[in-house]
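Student: I'd like a close look at just one part of this model, taken slowly. Could you walk me through it and then work outwards?

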Amino acid sequence: MKLFTMTSVAAALVMSASAGAQTLAITNATIHTATEQGVLKDASVLIKDGKIVAVNPAQVDADEVIDAQGKILTPGFIGSLNHLGLVEVGAVDGSRDGSDKKASITFDPSLAFNPRSSLIPYARKGGITRDVIVPGGSEDIFNGLASVVSLSGEFDSVSQKHVALAIELGQNSKGSRALSMQTLIQKLDGHLQREKKDSDAHNREIQVLDAVFAKDMPLLIGVSRAAEMLELLKLKAKYDINMVFAGAHDAVLIADQLAASDTPVIISAMDNLPGNFDSMHADLANAGKLEKAGVKVILTIAGDSAHNLYQLRFDAGNAVSYGMSQQGALAAISSNVAEVFKIDAGAISVGKAADMVLWSADPFELNAKIEGIWIDGEKVSTEARQDKLRERYTTPSDMPRGYTK
């Protein structure tokens, strides 16, 4: 299924000027803005100092001009709910830093983020330019703090710390889910009823909960059963705080309540079979149904998403084939993520970070390739470990292929 319309183009992308240019313009592009402007044909975007300074200006004056020749330009996609940069090999304990059994409210896994992980260039090949990394696996219901990272590969890639407090509710292997809900209520009540002291300013847990009640960060809650989500909506109204539901397999049953309460959901477009008694309503059509009901939807990769983030665009394409709108699917992997987690990217709009991807064809199609990808206005490579291995093992040599450099 074709999700975008594009003009037939000739050969390769033409680039000019020096790498150190201060301003960059991409012209003659079919721009999918992920804003109310929608799709702009034969349009231009101007970039300066890592920011978008003009969209479709009357005149283009830049140090470097790239003629897109009618090809598709989208915002860089934003991943979420994964351990990208916090894990290298899932089966190797020493390469996993995204979780800890002793973790609690203040756990910050971004301190261990590795911008040189081999998984990051592979994710870039899928048009991913930023990612929301989250902790997991705590014995507590509080897993810790989520952060936003850039996929530039630079050592200052953690761009925003503490954008959400991650919580895990739902079924337990032992004990009752009711105790988990009760623990959350007691923690929120206790914070409001505490006696304020001078030492509070140095208490990290109090600082985190203060940020939650100030709506500086939402509660990112792993939950799937409709009854539990309805209880959480009561708490949201009672405490006047923001919540985001992740997993949310039963969300279609309470779509109207979610839309009325402005509660976003993060789901996998590919969940179509129940994995437990909390996911009985998993269905490929859920993303489209939620969008039509007015729910803000974010798409993520189910399972080992750190290793499979590359396929996010394909999942979005599948969501379209099962009823989600084309622009809704694009927003679900770009502007919606940015809005929920207050990321200064995710849309081709004046003032936003210049995270953009130029595609050879419809990015939701298997045959589309990246012809240019920029993070903060800087062009980055899509060469990944897989490319290097292919080159190594297919290069003619007198030596055994395994030794080819």
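Student: How much space lies in the largest cavity?

Tutor: About 60 Å³ of space lies in there, keeping in mind that this is a predicted model. A search of the whole structure turns up one cavity of 30 Å³ or more.

Let's go round its walls. The lining is made up of Gly247, Ala248, His249, Ile267, Ser268, Asp271, Ala282, Asp283, Asn286 and Leu290. By character, those residues split into four nonpolar, four polar and two charged. Two elements each supply at least two residues of the lining: strand E12 (265-268) and helix H6 (286-292).

From the lining we can step to threonine 300, since two lining residues, Ile267 and Ser268, are among the contacts of threonine 300. Threonine 300 sits in strand E13 (residues 297-300). Is it buried or exposed? Threonine 300 counts as buried because its relative accessible area is 7%, and the cut-off for buried is under 20%. Leaving out neighbours within four places in sequence, threonine 300 is in contact with Ser80, Leu81, Ile266, Ile267, Ser268, Ala269, Leu312 and Asp315. With Ser80 there is a polar detail too: a polar atom of the threonine 300 side chain lies 2.7 Å from the backbone oxygen of serine 80.

Leu312 and Asp315, also on that contact list, lead us into helix H8 (residues 312-321). This helix is mostly covered, with eight of its ten residues buried. The buried ones are Leu312, Arg313, Phe314, Asp315, Ala316, Gly317, Ala319 and Val320. Just after H8 comes glycine 323, which takes a positive phi of about 120°.

Now for the nonpolar cores. In soluble globular proteins, nonpolar side chains tend to be buried together. Here the largest nonpolar core has 77 residues, and those with the most contacts inside it are Leu165, Leu184, Leu232, Phe245, Val265 and Leu299. Helix H4 (residues 226-239) gives this core its largest share, six residues. A second, separate core of 19 residues includes Val163, Ala246, Ile266 and Val337. Ile266 is a name we've met already, as one of the contacts of threonine 300.

Back in the 77-residue core, take leucine 232 as an example. Not counting residues up to four places away in sequence, leucine 232 touches Leu169, Met181, Leu184, Ile221, Val223, Met243 and Phe245. Leu184 and Phe245 are themselves among the residues with the most contacts inside that core.

Note on methods: Residues numbered from 1 in each chain as written. Predicted model: local features only at pLDDT ≥ 70, side-chain atom pairs only at ≥ 80, totals over all residues. Heavy atoms only, no water. Helix = DSSP H or I, 4+ residues; strand = E, 2+ residues; numbered from the N terminus. Buried < 20%, exposed > 50% of the residue type's maximum accessible area, 1.4 Å probe, protein only. Polar contact = N/O pair within 3.5 Å; in protein donor to acceptor, adjacent residues only side chain to side chain. Contact = heavy atoms within 4.5 Å. 1 Å grid on protein atoms, 1.4 Å probe; cavity = no way out; pocket = protein on both sides within 12 Å on 5 of 7 lines; lining within 4 Å. Points joined across faces, edges and corners; volume = space filled by probe spheres on them. Nonpolar A, V, L, I, M, F, W, Y, C, P; charged D, E, K, R; others polar. Core = buried A, V, L, I, M, F, W, Y, C linked by side-chain atoms within 4.5 Å.
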